[in-house]
Amino acid sequence: MVALMPAPAATSKKPRVSKPAPPRLSPKERARIAEIFARFAEHAPEPRTELAYASPFTLLVAVALSAQATDVSVNRATEKLYAVADTPEKILALGEAGLKSYISSIGLYNTKAKNVIALSRILIEQYGGLVPLQREALQALPGVGRKTASVVLNELGIEPAIAVDTHVFRVAHRLGLSKAKTPEQVEADLFRIVPKTGLTRAHHWLILHGRYVCVARKPKCRECFLADLCPSRELFEGG
């Protein structure tokens with residue numbers, strides 16, 4: 001009798017679905033986008049975060065505290081905090097209750113205090129008190145997500161990154177730089193079209209423009225140096 005080989009088990013692998021390629025830009029649109037970022041560069045050659053910091057650690061903490069809070073409120077709190085505790089060791093010595101007394105004016109301060117204490121402990125135990133400047137290591141820290149890591153790495157010149165917050169999301173859509181529905185997709189769109197020379201500065205350009213000019217409810221179109229390049233201007237009567 002001839003032994004029969006068992007039939008191969010059915011696989012549950014799904015066929016690969018290739019993602020559609022992003023739409024190609026017309027020469028006219030490429031020129032418009034290039035001009036937008038050329039004007040940004042002329043208007044603010046070296047944009048920086050408005051968060052006050054003096055080291056990678058104080059930057060990391062400030063960015064972590066800034067989630068759902070204004071930079072002004074964070075700076076007001078960290079000015080007093082950093083005067084007494086500006087290293088992981090000193091923050092840990094304060095303890096969670098001590099830290100809360102400095103940041104209680106910031107939204108979600110209970111959770112943020114817990115995370116800052118936890119990440120300070122990890123930095124001491126695993127990194128000798130230094131901030132790891134690799135994305136995976138940063139994002140593994142408590143309270144540090146992709147956006148926070150992107151801001152830190154970009155600000156320190158480690159890795160070009162465009163952290164998409166509400167300001168960047170809004171400005172990217174109004175300027176016609178993206179039609180995507182999620183921050184991650186908007187970030188991918190921006191990386192495809194922002195000139196390489198502007199990648200490290202694009203985050204700051206867009207966020208500052210959204211904060212002071214292209215504001216949410218009533219954008220200041222009459223004051224905007226991009227008004228003639230903006231497809232959304234006609235939506236806001238009189239600016």
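## Order of the helices

Read along its sequence, the chain of this predicted model follows the pattern α-α-α-α-α-α-α-α-α-α, which amounts to 10 helices and zero strands. Of the 239 residues in the chain, 41% are buried. Among contacts between residues at least 6 apart in sequence, 58% join residues at least 24 apart.

## Helix α3

Helix α3 takes in residues 71–84, and at 1.5 Å a residue its 14 residues should span 20 Å, a value that agrees with the 20 Å separating its end C-alpha atoms. The helix nevertheless has a bend of about 30°, placed at Thr78.

Thr78 is also one of the buried residues of α3, a list that is completed by Asp71, Ser73, Val74, Asn75, Ala77, Leu81 and Tyr82. What covers these buried residues includes α2 (56–65), α4 (88–103) and α10 (199–212).

## Helices α7 and α10

Two packed helices are described by the angle between their axes and the distance between the axes. For helix α7 (residues 146–155) and α10, the axes come within 9 Å and cross at roughly 120°. An angle over 115 degrees but not over 145 falls outside the perpendicular and antiparallel classes, and α7 and α10 are therefore oblique to each other.

The crossing in which α7 passes α10 is left-handed. On the α7 side the contact is made by Val151, Asn154 and Glu155, while α10 contributes Leu199, Thr200, His203 and His204.

## His209 in helix α10

Helix α10 also holds His209. With a relative accessible area of 5%, His209 is buried, because residues under 20% are assigned to that class. Not counting residues up to four places away in sequence, His209 touches Phe40, Val171, Cys214, Cys224, Phe225 and Leu226.

## Ala227 after helix α10

Ala227 lies in the segment after α10, and at 11% relative accessibility this residue, too, counts as buried. When its neighbours within four places in sequence are left aside, Ala227 is in contact with Cys221 and Arg233. The C-alpha atom of Ala227 is separated by 9.2 Å from that of Leu175, although these two residues are 52 residues apart along the chain.

## Helix α10 in summary

Helix α10 recurs in several parts of this description: it is among the elements that cover the buried residues of α3, it makes an oblique pair with α7, and it contains His209, whose contacts include Phe40 and Val171.

Definitions and conventions. Residues are numbered from 1 along each chain as its sequence is written. This is a predicted model: local features need pLDDT of at least 70, side-chain atom pairs count only at pLDDT 80 or more; totals for chains, interfaces and linings use all residues. Side-chain values use heavy atoms; hydrogens and water are left out. Helices (H or I, at least four residues) and strands (E, at least two) are DSSP runs, numbered from the N terminus. The expected span of a helix is 1.5 Å times one less than its number of residues. The bend at a residue is the angle between axes fitted to the seven residues ending there and the seven starting there. Buried means under 20% relative accessible area, exposed over 50%, partly exposed in between (1.4 Å probe, protein chains only). Contact means heavy atoms within 4.5 Å. Axes are lines fitted to C-alpha atoms, for helices over the stretch in contact, and angles run from 0 to 180 degrees between N-to-C directions. Angles under 35 degrees count as roughly parallel, over 145 as roughly antiparallel, 65 to 115 as roughly perpendicular and the rest as oblique. A crossing is left-handed if the near helix is turned anticlockwise from the far one by less than a right angle, and right-handed if clockwise.
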